[in-house]
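The following note is offered to a colleague who is new to this structure. Its points are numbered and may be read in order.

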Amino acid sequence: MATRALFREDAYLTGCDATITAVDELGIHLDQTVFYPLGGGQAGDAGALVLADGTRVEIADTRKAKFEGATPDDAVHVPAPGQHALLARIAAGERVRAEIDWTRRYRHMRLHTASHLMCAVLPYAVDGCSITTEYARLDFATVEPIEREQVEARLAELVGGAHGVATEWITDDEMAARPELVRTMSVKPPMGLGRVRLLRIEGVDLQPCGGTHVRNTQEIGALRVAKLEKKSARTRRLVLELV
Ligand SMILES: [Zn+2]
């Protein structure tokens, strides 16, 4: 039931044709998909699977599949409430058109890329991260004071700097030999596929990441620090929003 994760090579793909490999109580499995499954702090995609007869199965979320032997790329497309009756009508082998909610995903891509910029602005370990349609929230393990205006100014500079964003691959062994690349303690590098994807923001940041990003920091647009608080004695929480 291995799923080919097409968003890994091209985050801008909004749709693809696919074959249903299984339908179970959690949802629909496909042989390939453009839907990003919740992981690495980034929310799962929503959208629709369009059946050959034009019927739309609305998808509310995408999760990593949990079956035995599942790879990190195996995904299950979770139907929206009220869509489950449609599941009885579809079966493995059927062809579908998978279409993501691009407005939602593009916000994830912009905010996710912004969270990498945050890592460059604040040189502390990240011990929590959540990227949704509304915000990017990062917890930094530090007791140092953080100045909201300084962070916003530096972020604006990096966004305006139009830095290129690209992926590179290294082997699991190379990754293991370069632990300094890992910035997020709470998110393990996406290992287990034999190779690890690194996300490079030219001249700004380099770290393992399996999420979806924009091609250039300029696409992020204006950002504001919506919240800056002391989460614990050793952690500062920062919430970023698109303006
Ligand atoms: Zn990332």
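1. His116 is buried, its relative accessible area being 2%; buried means under 20% relative accessible area, exposed over 50%, and partly exposed in between, with a 1.4 Å probe and protein chains only. His213 is likewise counted as buried, at 6% relative accessibility.

2. The model is predicted: local features need pLDDT of at least 70, side-chain atom pairs count only at pLDDT 80 or more, and totals for chains, interfaces and linings use all residues. Residues are numbered from 1 along each chain as its sequence is written, and side-chain values use heavy atoms, with hydrogens and water left out.

3. Which residues hold the zinc ion? Its protein donors are His112 (NE2), His116 (NE2), Cys209 (SG) and His213 (NE2), at 2.0 to 2.1 Å from the ion. Donors are N, O and S atoms within 2.8 Å of the metal (3.2 Å for Na, K and Ca); water is not among the atoms, so sites may look incomplete.

4. The site of the zinc ion is tetrahedral, with angles of 101 to 124 degrees among its 4 donor atoms. Four donors count as tetrahedral if all angles lie between 85 and 135 degrees. Along the chain, the donors of the zinc ion follow the spacing H-x3-H-x92-C-x3-H. Because His116 lies in helix α2 (residues 102-121) and His213 in the loop between β13 (205-208) and β14 (223-232), this pair ties together parts that are 97 residues apart in sequence. Helices (H or I, at least four residues) and strands (E, at least two) are DSSP runs, numbered from the N terminus.

5. The whole structure contains 14 salt bridges, a salt bridge being a side-chain nitrogen of Lys or Arg within 4 Å of a carboxyl oxygen of Asp or Glu. One of them joins the side chains of Asp45 and Arg105 at 2.7 Å, N to O. This pair links distant parts of the chain, 60 residues apart: Asp45 is in the loop between β4 (32-33) and β5 (47-51), and Arg105 is in helix α2. Both Asp45 and Arg105 are buried.

6. Are the partners in the salt bridge of Glu58 with Arg56 buried or exposed? Glu58 is partly exposed, at 30% relative accessible area, and Arg56 is also partly exposed, at 42%. Their side chains meet at 3.2 Å, N to O. Arg56 and Glu58 belong, with Glu99, to a network of salt bridges.

7. Another salt bridge is formed by Glu180 with Arg178, whose closest N and O atoms are 3.9 Å apart. Glu180 counts as exposed at 56% relative accessibility, whereas Arg178 is partly exposed at 33%.

8. An open sheet is formed by 3 strands in the order β11-β12-β13, with antiparallel pairing. The edge strands, β11 and β13, each pair on one side only. From one strand to the next the twist averages 25 degrees; axes are lines fitted to C-alpha atoms, for helices over the stretch in contact, and angles run from 0 to 180 degrees between N-to-C directions. Strand β12 (residues 195-201) pairs with β13 in the antiparallel sense over 4 bridges, where two strands pair if DSSP finds at least two bridges between them. The bridge partner of Arg200 in β13 is Leu206.

9. Ala162 has a phi near 50 degrees, a positive value in a residue other than glycine. The residue Ala162 is placed in the loop between α3 (148-160) and β11 (165-171). Ala162 counts as partly exposed, at 30% relative accessibility.

Definitions and conventions
Four donors count as tetrahedral if all angles lie between 85 and 135 degrees; four count as square planar and six as octahedral if opposite donors are over 155 degrees apart and all others between 65 and 115; anything else is irregular.
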